[in-house]
Amino acid sequence: MVRPKKHLGQHFLTDPSIAGRIVDALATAPGDSVLEIGPGKGVLTAHLMKKDIDLWLAEIDPESVAYLKELW
């Protein structure tokens, strides 16, 4: 389980419906590149992966990186 770390300023998005609305609001075209900074537990990432985009993730928390690697 990944827990938010205050020293990294982490606040995790946990509501999948809000993540879906955020991604639906993105104006992207097929093949666009999108950089998600701080994917944390991947709630937003899961919705972004459904789009026809070139998705890049940047995460500095080793615990989150390990979690995301196991998830996908």
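**A walk through a small predicted fold**

Let us begin at Leu13, which lies in the segment before helix α1, a helix that covers residues 16-24. Helices (H or I, at least four residues) and strands (E, at least two) are DSSP runs, numbered from the N terminus. Residues are numbered from 1 along each chain as its sequence is written. You are looking at a predicted model, in which local features need pLDDT of at least 70, side-chain atom pairs count only at pLDDT 80 or more, and totals for chains, interfaces and linings use all residues, while side-chain values use heavy atoms and leave out hydrogens and water.

Now for the whole protein. Its secondary structure comes to three helices and two strands, and reading along the sequence gives the pattern α-β-α-β-α. The C-alpha trace spans about 35 × 20 × 20 Å along its principal axes. For 72 residues, a compact globule would have a radius of gyration near 11 Å, and the 12 Å of this protein agrees with that. The radius is taken over C-alpha atoms, and the globule rule is 2.2 Å times the number of residues to the power 0.38.

What share of the 72 residues is buried? Buried residues make up 28%, where buried means under 20% relative accessible area, exposed over 50%, and partly exposed in between (1.4 Å probe, protein chains only).

Thr45 is a good example to visit. This residue sits in helix α2, residues 43-48, and counts as buried because its relative accessibility is 1%. Leaving aside residues up to four places away in sequence, Thr45 touches Glu36, Pro39, Leu55, Leu57 and Trp72; contact means heavy atoms within 4.5 Å.

Next, travel to Gln10, in the segment before α1. Is Gln10 buried or exposed? With a relative accessible area of 12%, Gln10 is buried. Its side chain reaches the backbone nitrogen of Lys5 at 2.7 Å. Beyond residues up to four places away in sequence, the neighbours that Gln10 touches include Glu59, Asp61 and Ser64.

Finally, return to Leu13, which is partly exposed because its relative accessible area is 32%. Together with Ile18 and Ile22, Leu13 forms a nonpolar patch on the surface, with about 210 Å² of accessible area. Patches are made of residues with over 30% relative accessible area and no salt bridge (a side-chain nitrogen of Lys or Arg within 4 Å of a carboxyl oxygen of Asp or Glu); like charges are joined within 9 Å, and nonpolar side chains (Val, Leu, Ile, Met, Phe, Trp, Tyr) within 5 Å. Accessible areas come from the Shrake-Rupley method with a 1.4 Å probe, and for residues only the protein chains shown count as cover.

Technical notes:
Polar contact = N/O pair within 3.5 Å; in protein donor to acceptor, adjacent residues only side chain to side chain.
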